[in-house]
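Me: Please teach me how to read the features of a protein model, one feature at a time.

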Amino acid sequence: MLILGIETSCDETSMALVREEEGKLEVKKNIVSSQIKIHSKYGGVVPEVAARKHVETIFSILEEFVEDRKKIDVVSVASGPGLITSLLVGAEVARTISYVWGKPLISVNHVVSHIYANWLKEKTPSPNPSPQGRGIIEFPALCLVVSGGHTELVLMDNFGKFKVIGRTLDDAAGECFDKCAKILGLGYPGGPAISAYADKLKVKSEKLKVELPRPMINTPDFNFSFSGLKTAVLYKVRDLGKKSFGESVRREMAFEIEEAITEVLVSKTIKAAKKYKVKTIMLAGGVSANKNLRKKMGEAIKVELPNTGYQIPDIQYCTDNAAMTAAAGYFYAKTGKFTPWEKLKVDPNWEL
Ligand code: KG4
Ligand code: ZN
């Protein structure tokens with residue numbers, strides 16, 4: 001099966017071709033046009049600007065796929081959650097292709113797509129391969145979905161069977177990275193910026209001058225809260241004043257922010273994995289590109305749950321891309337979840 005994926009839910013315009021053969025998914029083409037440069041001026045995504053940019057970009061990307069149109073079997077589009085005006089661009093293009101080229105249409109959930117990025121054929125070896133075998137995902141699995149709009153612990157009993165067992169009560173982890181980076185003047189997107197700054201801190205063993213809270217790390221549930229962390233950063237910067245807020249403090253802050261977010265995410269994921277006795281732990285979403293999180297989660301699993309598998313998407317499939325949308329399309333298609341083109345609707349708040 002050859003699946004065309006279309007993704008425009010936030011600030012990346014992307015189309016991809018994924019081939020499925022005997023259940024294995026291989027990415028044939030994946031074009032991602034990022035609007036980061038445009039939005040970085042504003043310190044975050046401006047929805048109206050994002051939608052206009054999608055309209056400007058998507059047709060030149062589509063041209064790259066016209067030669068493949070005869071071979072394409074299905075069209076898969078992310079129709080929510082996301083920014084409504086951005087989602088509409090991808091949805092209208094998908095609907096038109098479905099009608100004009102006569103292809104079945106699949107409407108997929110963007111969060112589910114992030115999770116299915118774990119089934120795209122691995123290009124880089126896992127840092128902590130699953131004891132069941134490389135790339136094998138056994139159910140029940142637990143996926144920590146961490147992106148700019150989501151922080152959720154999702155229990156997956158089988159393909160298409162998702163249950164959210166915990167989520168953030170306020171800001172998402174990626175949102176926290178982005179807002180903290182804005183406070184520190186490190187630009188957008190904040191995750192990679194904070195991570196790069198944290199790496200600049202040479203001596204990491206010394207006691208840091210800056211200590212930040214680990215919100216909700218000891219609560220018995222599997223929920224998260226990151227807005228307090230952002231406020232703590234804001235107060236620290238204010239208290240230090242402009243004079244003492246030099247490069248070294250900024251590095252310490254970046255390091256401590258990354259540590260605090262990672263510790264909470266790892267701790268809650270391990271606790272949930274123990275309770276639900278899962279066989280595999282997965283990461284998904286833009287924040288799962290974070291090196292520190294990928295490493296610390298692997299280390300914690302090795303020590304605390306040595307018989308549990310660990311699966312992470314390739315870096316390029318962590319942030320928004322249409323290869324994952326196509327992957328999700330394959331699993332939806334298997335269960336016959338097609339949407340007639342005239343019935344396609346976008347849902348900015350589509351929950352799992
Ligand atoms: O999944 P994604 O591309 O879009 C949403 O669906 O939200 O995630 C974007 C988020 C941003 O908040 C960005 O700062 C964060 O992912 N991110 C990272 C890294 N790369 C992207 N956060 C931490 N470390 C990274 N390396
Ligand atoms: Zn996303």
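Me: Which atom lies 3.3 Å from a polar atom of the side chain of Ser147?

Reply: Such a pair is read as a polar contact: two N or O atoms within 3.5 Å, of which, within protein, one must be able to donate a hydrogen and the other to accept it, while residues adjacent in sequence count only if both atoms are side-chain atoms. In this case the partner of the Ser147 side chain is the backbone nitrogen of Gly149. Please note that this is a predicted model, in which local features need pLDDT of at least 70 and side-chain atom pairs need 80 or more, whereas totals for chains, interfaces and linings use all residues. Residues are numbered from 1 along each chain as its sequence is written, chains are lettered from A and ligands numbered from 1 in the order written, and side-chain values use heavy atoms, without hydrogens and water.

Me: Where is Ser147 found, and is Ser147 buried or exposed?

Reply: Helices (H or I, at least four residues) and strands (E, at least two) are DSSP runs, numbered from the N terminus. Ser147 belongs to the loop between strand 6 and strand 7 (151-158). A residue is buried under 20% relative accessible area, exposed over 50% and partly exposed in between, using a 1.4 Å probe and protein chains only. Ser147 counts as buried because its relative accessibility is 9%.

Me: What does Thr151 add to the picture of strand 7?

Reply: Thr151 lies in strand 7 and is buried, at 1% relative accessibility. Its side chain reaches the backbone nitrogen of Ala173 at 2.7 Å. Contact means heavy atoms within 4.5 Å. Beyond four places in sequence, the contacts of Thr151 include Val145, Ala173 and Phe224, while those of Ser147 include Ala172, Ala173 and Gly285.

Me: Where is Val145 placed?

Reply: Val145 is in strand 6, residues 141-146, and is buried with a relative accessible area of 1%. Among the residues that Val145 touches, apart from those up to four places away, are Val111, Thr151 and Ala284.

Me: Which residues does the UniProt annotation "binding site" cover together with Val145?

Reply: UniProt positions follow the numbering used here, with shortened feature names, and annotations may be inferred rather than shown by experiment. The unreviewed UniProt entry gives Val145, Val146, Ser147, Gly148, Gly149, Asp178, Gly191 and Asn290 as "binding site". Of this set, Ser147, Gly148, Gly149, Asp178, Gly191 and Asn290 belong to the lining of the largest pocket. On a 1 Å grid over the protein atoms alone, a pocket is an open set of points with protein on both sides within 12 Å along at least five of seven lines, and lining residues have an atom within 4 Å of a point.

Me: Which residues does UniProt list alongside His110 for "binding site"?

Reply: The unreviewed entry lists His110, His114 and Asp320. These residues are spread over 211 residues of sequence, yet they cluster in space, with a largest C-alpha distance of 8.9 Å. The lining of the largest pocket includes His110, His114 and Asp320.

Me: Which side chains does His110 meet through polar contacts?

Reply: His110 lies in helix 4 (residues 110-116) and is buried, with a relative accessible area of 7%. Its side chain makes polar contacts with the side chains of Glu7 at 3.0 Å, Asp320 at 3.2 Å and Ser9 at 3.3 Å. Asp320 sits in the loop between strand 10 (309-311) and helix 10 (322-334) and is buried, at 12% relative accessibility. Residues touched by Asp320, beyond four places in sequence, include Glu7, Cys10, Val32 and His114.

Me: How many residues surround ligand 1?

Reply: A residue is near a molecule if one of its heavy atoms lies within 4 Å of it. Here 18 residues surround ligand 1, and the closest are Gly148, Asp178, Gly191, Asn290 and Asp320. Oxygen atoms of ligand 1 lie 3.2 Å from a polar side-chain atom of His110, 3.1 Å from a side-chain N or O atom of His114 and 3.3 Å from a backbone N or O atom of Gly149. Taken alone, ligand 1 exposes 550 Å², of which the protein buries 89%; the areas come from the Shrake-Rupley method with a 1.4 Å probe, and for residues only the protein chains shown count as cover.

Key:
1 Å grid on protein atoms, 1.4 Å probe; cavity = no way out; pocket = protein on both sides within 12 Å on 5 of 7 lines; lining within 4 Å.
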